[in-house]
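Please look over the sequence and the model below before reading on. The paragraphs after it are meant to be followed with the structure in view.

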Amino acid sequence: MKTRELVFAALFVALITIGTFVRIPIGADFYTLQFLFTLLAGLVLGERFGTMAVAAYVLLGLIGVPVFASGGGIGYLFQPTFGYLAGFIIQAWFCGKFSRRLTNINFKNLFVVNLGGMLIVYVIGMGWLYIVSNFVIDAPITF
């Protein structure tokens, strides 16, 4: 690993952390820039370092550094929203891998890659939300 790659990975860990706390209210919900920075980590850093940056962010939160929206710690594994964080790691790998394989880099192709990455996060996140809500915290939700 080169120093430059490590610095960029650390920069994306910081950007993802900052993006977690930038909240954009839309209706009754709010959205963060976390999604944007995890997508960009894969696109800019590639599959290896993008995945490493997002995984380092998740690991920092799990060891107790309050980088997640609701704090941090190992207990976050049992939060209904942890699936989205796990999905971010796979999303960064997917976006990094498939964006680097594009022969024609244009808006349409990158949009499709990012759409695939978003689909990964939502499938894993909603699956985790369903399982934890129904079987762990006993707050049943329907499929």
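What follows is a walk through a predicted model, taking the strands, then a pair of helices, then the nonpolar core.

A convenient place to begin is the pair of strands S1, residues 23–26, and S2, residues 29–32, which run antiparallel and are joined by four bridges. Within this pairing, Pro25 stands opposite Phe30 in S2. The two strands form a hairpin with two residues between them, and in the turn Gly27 has a positive phi of about 65 degrees.

From the hairpin we can turn to the helices. Two packed helices are described by the angle between their axes and the distance between the axes. For H2 and H3 the angle is about 155 degrees, and the axes lie 8 Å apart. Because angles over 145 degrees count as roughly antiparallel, H2 is described as roughly antiparallel to H3, and H2 passes H3 in a left-handed crossing.

The last step is the nonpolar core. In soluble globular proteins, nonpolar side chains tend to be buried together. The largest nonpolar core in this model has 27 residues, of which Tyr57, Val58, Phe68 and Leu85 touch the most other members. Helices H1 (3–21), H2 (34–62), H3 (82–100) and H4 (107–136) each supply at least two residues of this core, and the largest share, 11 residues, comes from H2.

Phe68 offers a closer view of these surroundings: leaving aside its neighbours within four places in sequence, Phe68 is in contact with Thr20, Phe21, Tyr57, Val58, Gly61, Leu62, Tyr76 and Leu85.

Methods
Residues are numbered from 1 along each chain as its sequence is written. This is a predicted model: local features need pLDDT of at least 70, side-chain atom pairs count only at pLDDT 80 or more; totals for chains, interfaces and linings use all residues. Side-chain values use heavy atoms; hydrogens and water are left out. A nonpolar core is a set of buried Ala, Val, Leu, Ile, Met, Phe, Trp, Tyr and Cys residues joined through side-chain atoms within 4.5 Å. Buried means under 20% relative accessible area, exposed over 50%, partly exposed in between (1.4 Å probe, protein chains only). Contact means heavy atoms within 4.5 Å. Two strands pair if DSSP finds at least two bridges between them. Axes are lines fitted to C-alpha atoms, for helices over the stretch in contact, and angles run from 0 to 180 degrees between N-to-C directions. Angles under 35 degrees count as roughly parallel, over 145 as roughly antiparallel, 65 to 115 as roughly perpendicular and the rest as oblique. A crossing is left-handed if the near helix is turned anticlockwise from the far one by less than a right angle, and right-handed if clockwise.
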